Amino acid sequence: MPSDAILEQSLRDIIPGARLAVTALPAVPAIRLLLLQGDYPQGELGAQDVQRVMDNPLYWIFCWASGQVLARFLLDHPGWVQGKRVLDFGSGSGVVAIAAALAGATEVVACDIDPLALAATRSNARRSGVDITLADDFFAVDGHIDLIIVADVLYDRSNLDWLSRFTARADKVLIADSRVKNFHHRDYREIARHSGATLPDLDESAEFRDVRIYLAD
């Protein structure tokens, strides 16, 4: 699994001039993540740079608004995870998985198809003093799952197909999202709504700071 130095080099290979930095989360001060430094290059990228980013999406270098909101929600309401086996789908930086572990989950499985995201999750979990199980294949995770937690994956409409897979796999599902409005699914209902922000700041519009949490049980 790549070290922090290799994670940084992997970032620079895709976005020249970019750097990683350990960042404290305003909404979740108990968690510090290795994220893209705030002075990242913001000028117009060349065609080759854009293509590299498209081919190698670096979701783990940001703490997205919904991830930060769901992490705060779990720490404020630990009963959702205490004593439970939890799977974090599309874990990215690992922020929600780490929050679940800090809140008392018996085991947290961070699942992501990106090996760099899993490496970042391992690094970030170590920084927070918690153990996280890593998985790169949702369907290969064995055993009972009490709760699936999901943040910021519904931006791609094709991912909506996962909603039924989640309910078939776990007793309960918590989803936080700010990208999809008018979220209607027979198994899910909105249970909370909070304002959040992505780190580093992407200067997102107000609609993408409006995070809603949905429950299927």
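**Group meeting talk: a helix, a sheet and a helix pair**

Let me start with helix 5, residues 115-128, which lies across strand 4 and strand 5 and runs at about 175 degrees to strand 5. Contact here means heavy atoms within 4.5 Å. Helices (H or I, at least four residues) and strands (E, at least two) are DSSP runs, numbered from the N terminus. Axes are lines fitted to C-alpha atoms, for helices over the stretch in contact, with angles from 0 to 180 degrees between N-to-C directions.

A word on the source. This is a predicted model, where local features need pLDDT of at least 70 and side-chain atom pairs count only at pLDDT 80 or more, while totals for chains, interfaces and linings use all residues. Residues are numbered from 1 along each chain as its sequence is written, and side-chain values use heavy atoms, leaving out hydrogens and water.

Now the sheet. It is open, has seven strands in the order 5-4-3-6-7-9-8, and its pairing is mixed. Strand 5 (133-135) and strand 8 (189-195) are the edges; each has a single partner strand, so one side of each has no neighbour in the sheet. On average, neighbouring strands are turned by 20 degrees against each other, direction ignored. Two strands pair if DSSP finds at least two bridges between them.

Back under helix 5. Strand 4, residues 107-111, pairs with strand 5 in the parallel sense, over three bridges. There, Cys111 stands opposite Ala135 of strand 5.

Next, strand 7, residues 170-177. Is it enclosed or not, and why? Six of its eight residues are buried, so strand 7 is largely enclosed by the rest of the structure. Buried means under 20% relative accessible area, with a 1.4 Å probe and protein chains only.

Look at its two partners. Strand 6 (residues 145-151) pairs with strand 7 in the parallel sense, over six bridges. Ile148 has Val173 as its bridge partner. With helix 6 (residues 162-169), these two strands make a right-handed β-α-β unit. Right-handed means that, with the strands pointing away from the viewer, the path from the first strand over the helix to the second runs clockwise. On strand 9 (residues 210-216), the pairing with strand 7 is antiparallel, over five bridges. Asp177 is bridged to Arg212 there.

Last, a helix pair. The axes of helix 3 (residues 65-76) and helix 4 (residues 95-102) come within 8 Å and cross at roughly 5 degrees. The two helices are therefore roughly parallel, a term for angles under 35 degrees. Gly67, Leu70, Ala71, Leu74 and Leu75 of helix 3 meet Val95, Val96, Ala99, Ala100 and Leu102 of helix 4.

Methods. Buried means under 20% relative accessible area, exposed over 50%, partly exposed in between (1.4 Å probe, protein chains only). Angles under 35 degrees count as roughly parallel, over 145 as roughly antiparallel, 65 to 115 as roughly perpendicular and the rest as oblique.
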